[in-house]
Amino acid sequence: MITSKNNINSNSPIAFFDSGVGGLTVLNKVKKILPNENYVYYGDTLHMPYGEKTKEQLIEYSDNIFKLFEDMNCKAVVMACNTTSSVIYEDVKNRYSFKLFPIVQSVSEILSKLPINRLGIFATRATIESNAYQREIAKYNKNKQVFGQHCPNWVHIVEENALKEPKNIEIVRNDLEKMLLNNPEKIVLGCTHYPFLLEILSQFAPKDMFIDPAESFAQKIKDDLEKDGLLNCEKEHYERFFVSSNPQLFQQSAKMFYDVKETPELLTFLNAV
C-alpha cells in the first residue's frame, strides 16, 4: 500500500458528488473499469439543480462537501457535475489535499480531437453561460464550431423519474429539434443527468449522434490514479452514499442506472443555504 504525506493511500476512497442522481452515471462507468475501489458519493439533493445556482452558492456547497471528503481521507474527488466543473473548478482546484478530477476540463481535449467540425453541447444554464466547453475545446482546436444549448427541464425530469410522461418526451423532443437546427455532427450530453434521457433522444435522432463524456472521463481517472500508484490493492471494498435531503427518493431514482443497495445517509450542513 502506497501512502502519501497527507495520509492518503491506495486504499483511500474515490469520492463523487453531484446535485442528485446524475453523477451515478460517472460512478457507474468508473466502477466498471475500477471494480476494487472504495467509493463515496454525495448527492446534494437539497440544492438541486445546481445549474440554476450562483457561483458563490456553488463554492459554498462544494466546500462543505469537499471538507467532508477530506475528513474521510478520500484520495480523489470526481467533479461529476458539469456545472461545478465549468463554473468553480479554477477557484477551488488548489484548496484541498486530494486529487480533483473536473469532468469538463478532463474530456474537452478528447472532444477536440473528434473528426468533426460541428459539435453540439446540451448542458445546464450555468455550464452554457460559462462557455467552459467552448473555451476548453478551443485550447486544443480553435477551428471546431461548438453550439451550446441549455435544457432547463431535463434535470427535474430525471430526478422525478418521469421519463415516460408524454409532456416530458415532448419537452425533450422540442429541445433536440432546436439543437438540430445547428446541424451538429455529434451532441455531447453535458450534464450527468442527461444520459438518462438517451432512450428518448434516440427516438428522434440517431443514437450514435450522442456522446456521454463519462466514458472517456472514467478512463482518464483510472490512468491518472494508476500513474500515481493509487489504485486499490486490497480485496475488501465498500460504498457509502450520502444525500442532503430525501434519501428514499434518491434511492428510488437511482434505480434507473445504479443499484444503491442501502438507503443513503442523510447529511446536511448548517451553513448551506
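In which order do the six strands of the open sheet lie? The order is 4-3-1-2-9-10, and the pairing is parallel. The legends below describe views of a predicted model.

**Figure 1. Overview of the predicted protein model.** The protein contains 12 helices and 10 strands. Its radius of gyration is 18 Å, close to the 19 Å that the globule rule gives for 273 residues, so the protein is as compact as a globular protein of that length. Along the principal axes, the C-alpha atoms fill a box of roughly 50 × 40 × 35 Å. Of the 273 residues, 55% are buried. The exposed surface of the protein amounts to about 12400 Å², and carbon and sulfur atoms supply 47% of this area. Among contacts between residues at least 6 apart in sequence, 75% join residues at least 24 apart.

**Figure 2. The open sheet and its edges.** Six strands form this open sheet, arranged in the order 4-3-1-2-9-10 with parallel pairing. Strand 4 (99-102) and strand 10 (265-266) are the edge strands, each of which pairs on one side only. Strands of a sheet pair through backbone hydrogen bonds, either parallel or antiparallel. At one edge, strand 10 runs parallel to strand 9 (residues 239-243), and two bridges join them. Here V243 stands opposite L266 of strand 10. At the other edge, four bridges join strand 4 to strand 3, and these two strands run parallel. The bridge partner of A76 in strand 4 is K99.

**Figure 3. Strand 1 and its two neighbours.** Strand 1 (14-18) pairs with strand 2 (39-43) in the parallel sense over five bridges. The chain passes from strand 1 through helix 1 (residues 24-33) to strand 2, and this β-α-β crossover is right-handed. Strand 1 is also joined to strand 3 by four bridges, and these strands run parallel. Residue F16 has a bridge partner in each neighbour: Y41 in strand 2 and V78 in strand 3.

**Figure 4. Burial of strand 1 and strand 3.** Is strand 1 largely enclosed by the rest of the structure, or left open? Five of the five residues of strand 1 are buried, so this strand is largely enclosed by the rest of the structure. In a regular strand the side chains alternate between the two faces of the sheet. Both faces of strand 1 are covered: I14, F16 and D18 are buried on one side, and A15 and F17 are buried on the other. Strand 3 (76-79) is likewise covered on both faces, with A76 and V78 buried on one side and V77 and M79 on the other.

**Figure 5. Helices packed on the sheet.** Helix 2 (residues 55-71) lies across strand 1, strand 2, strand 3 and strand 4. The direction of helix 2 is at about 160° to strand 1. Helix 11 (residues 214-227) also packs on the sheet, where it touches strand 1, strand 3 and strand 4. The direction of helix 11 makes about 160° with that of strand 4.

**Figure 6. The cis peptide bond before P49.** Which peptide bond is cis, with omega near 5°? This is the bond from M48 to P49. Residue P49 is placed in the loop between strand 2 and helix 2.

**Figure 7. Two asparagines with positive phi.** Residue N73 has phi near 60°, a positive value in a residue other than glycine. N73 is located in the loop between helix 2 and strand 3. Its relative accessible area is 25%, so N73 is partly exposed. Residue N183 has phi near 55°, again a positive value in a residue other than glycine. The loop that holds N183 lies between helix 9 (166-180) and strand 7 (186-189). N183 counts as exposed because its relative accessibility is 53%, above the 50% cut-off for exposed residues.

Key. Residues numbered from 1 in each chain as written. Predicted model: local features only at pLDDT ≥ 70, side-chain atom pairs only at ≥ 80, totals over all residues. Heavy atoms only, no water. Pairing = 2+ DSSP bridges. Contact = heavy atoms within 4.5 Å. Axes fitted to C-alpha atoms, helices over the stretch in contact; angles between N-to-C directions. Rg over C-alpha atoms; globule rule 2.2 N^0.38 Å. Buried < 20%, exposed > 50% of the residue type's maximum accessible area, 1.4 Å probe, protein only. Areas by Shrake-Rupley, 256 points an atom, 1.4 Å probe, with all protein chains shown as cover. Right-handed = clockwise from strand over helix to strand, strands pointing away.
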